[in-house]
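Biologist: I am new to this structure, so please take a close look at one part, the surroundings of the ligand, and then connect that part with the rest of the chain.

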Amino acid sequence: MKYLFDTANIELIEKYANKLPIAGITTNPSIIKKEGKIDFFAHFAKIREIIGREKSLHVQVTTNTEEEIICEAYAICDRIDKDVYIKIPVTVEGLAAIKELKKDNFHITATAIYTKMQGFLAMEAGADFIAPYYNRMQNLDINSDETIMAFADAISRYNYSTQILAASFKNMGQVNRAIECGAQTVTLGPEIMLDAFKMPSIAKAVNDFHADWVKTIGDISIDKL
Ligand code: G3P
């Protein structure tokens, strides 16, 4: 299992990406919009500096034709680094670009996936990750669980190296379902993950343990005994 943060917010990435077991960062133009008019390459260089090279960084193209997508992919890899995963929406033009870029060994995350056929074609085009949009599919009455299961089944049946990177989550229940259905990787907003620790019972358990220790041994930590 791998968890990524779906954010371009430097403050949140700095605060949590190395504390929590996070495997990378995903973004798209709508996520970038939340940060205002950023200095694009400097912003991603900063994110890379924070997360290092072991974590994956997924940056989405902003154009729609095969030629333009390919130009953007080269610019992203030249000006950030060549380990970046290029996020490409699965359209006819997007699939053409994926096929071309894979010939040059680009890392590709095929995104904006709402249908099984988009996912199947992205696997066949050679995408490293496919990103089904869990919540957006549910909004359209498309069965996200069944779609992810179909992707997992196709990957194992036909031996694709593609992994499912499920995205577009609004709560932890959806994240857990995507994992149970076979998504090896999920990307979610840090606020959704942090919600999982907000249960009062967790804070009470931690406080009770500390109070019992202080009552029994004193207000001293083990390393100071
Ligand atoms: O990574 C794709 C994802 O960000 C889309 O999520 O919340 O806009 O449906 P959302």
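Modeller: The protein chain has eleven helices and eight strands, where helices (H or I, at least four residues) and strands (E, at least two) are DSSP runs numbered from the N terminus. This is a predicted model, in which local features need pLDDT of at least 70 and side-chain atom pairs count only at pLDDT 80 or more, while totals for chains, interfaces and linings use all residues. Residues are numbered from 1 along each chain as its sequence is written, and side-chain values use heavy atoms, with hydrogens and water left out. Taken along the principal axes, the box filled by the C-alpha atoms of the protein chain is roughly 70 × 40 × 30 Å. Of its 225 residues, 44% count as buried, a word that means under 20% relative accessible area, as exposed means over 50% and partly exposed lies in between (1.4 Å probe, protein chains only).

Turning to the part you asked about, the residues that surround the ligand are Asp6, Asn28, Ile31, Lys87, Tyr133, Arg136, Ala167, Ser168 and Lys170; a residue is taken as near a molecule if one of its heavy atoms lies within 4 Å of it. Sorted by class, this shell has four charged, three nonpolar and two polar residues, where Ala, Val, Leu, Ile, Met, Phe, Trp, Tyr, Cys and Pro count as nonpolar, Asp, Glu, Lys and Arg as charged, and the others, Gly among them, as polar.

Among the shell residues, aspartate 6 has a polar side-chain atom 2.6 Å from an oxygen atom of the ligand, and in the side chain of arginine 136 an N or O atom is 2.7 Å from a ligand oxygen. For asparagine 28, the distance from a polar side-chain atom to an oxygen atom of the ligand is 3.3 Å. On its own the ligand has 300 Å² of accessible area, of which the protein covers 82%; such areas come from the Shrake-Rupley method with a 1.4 Å probe, and for residues only the protein chains shown count as cover.

The space that the ligand takes is the largest pocket. On a 1 Å grid over the protein atoms alone, a pocket is an open set of points with protein on both sides within 12 Å along at least five of seven lines, unlike a cavity, where a 1.4 Å probe fits but cannot get out, and lining residues have an atom within 4 Å of a point. A molecule sits in one of these if more than half of its atoms lie within 2 Å of its grid points.

Tyrosine 133, one of the shell residues, leads from the ligand to strand E5, residues 107-113, where threonine 111 is found. The side chains of threonine 111 and tyrosine 133 are joined by a polar contact of 3.2 Å, that is, a pair of N or O atoms within 3.5 Å; within protein, one must be able to donate a hydrogen and the other to accept it, and residues adjacent in sequence count only if both atoms are side-chain atoms. Threonine 111 counts as buried because its relative accessibility is 0%. Strand E5 also holds alanine 112, whose phi is positive, near 60 degrees, in a residue other than glycine. Most residues other than glycine have a negative phi.

Elsewhere in the chain, aspartate 141, in the loop between helix H7 (134-139) and H8, also has a positive phi, about 65 degrees, without being a glycine. Aspartate 141 is exposed, because its relative accessible area is 73%. Threonine 162, by contrast, is buried at 2%, and its place is the loop between helix H8 (144-158) and strand E7 (163-166). In strand E7 itself lies isoleucine 164, which at 0% relative accessibility counts as buried. Its C-alpha atom is 6.2 Å from that of alanine 131, although the two residues are 33 apart in sequence.

Helix H9, residues 172-180, contains valine 175, another buried residue, with a relative accessible area of 0%. Between the C-alpha atoms of valine 175 and tyrosine 3, which are 172 residues apart along the chain, the separation is 9.9 Å.
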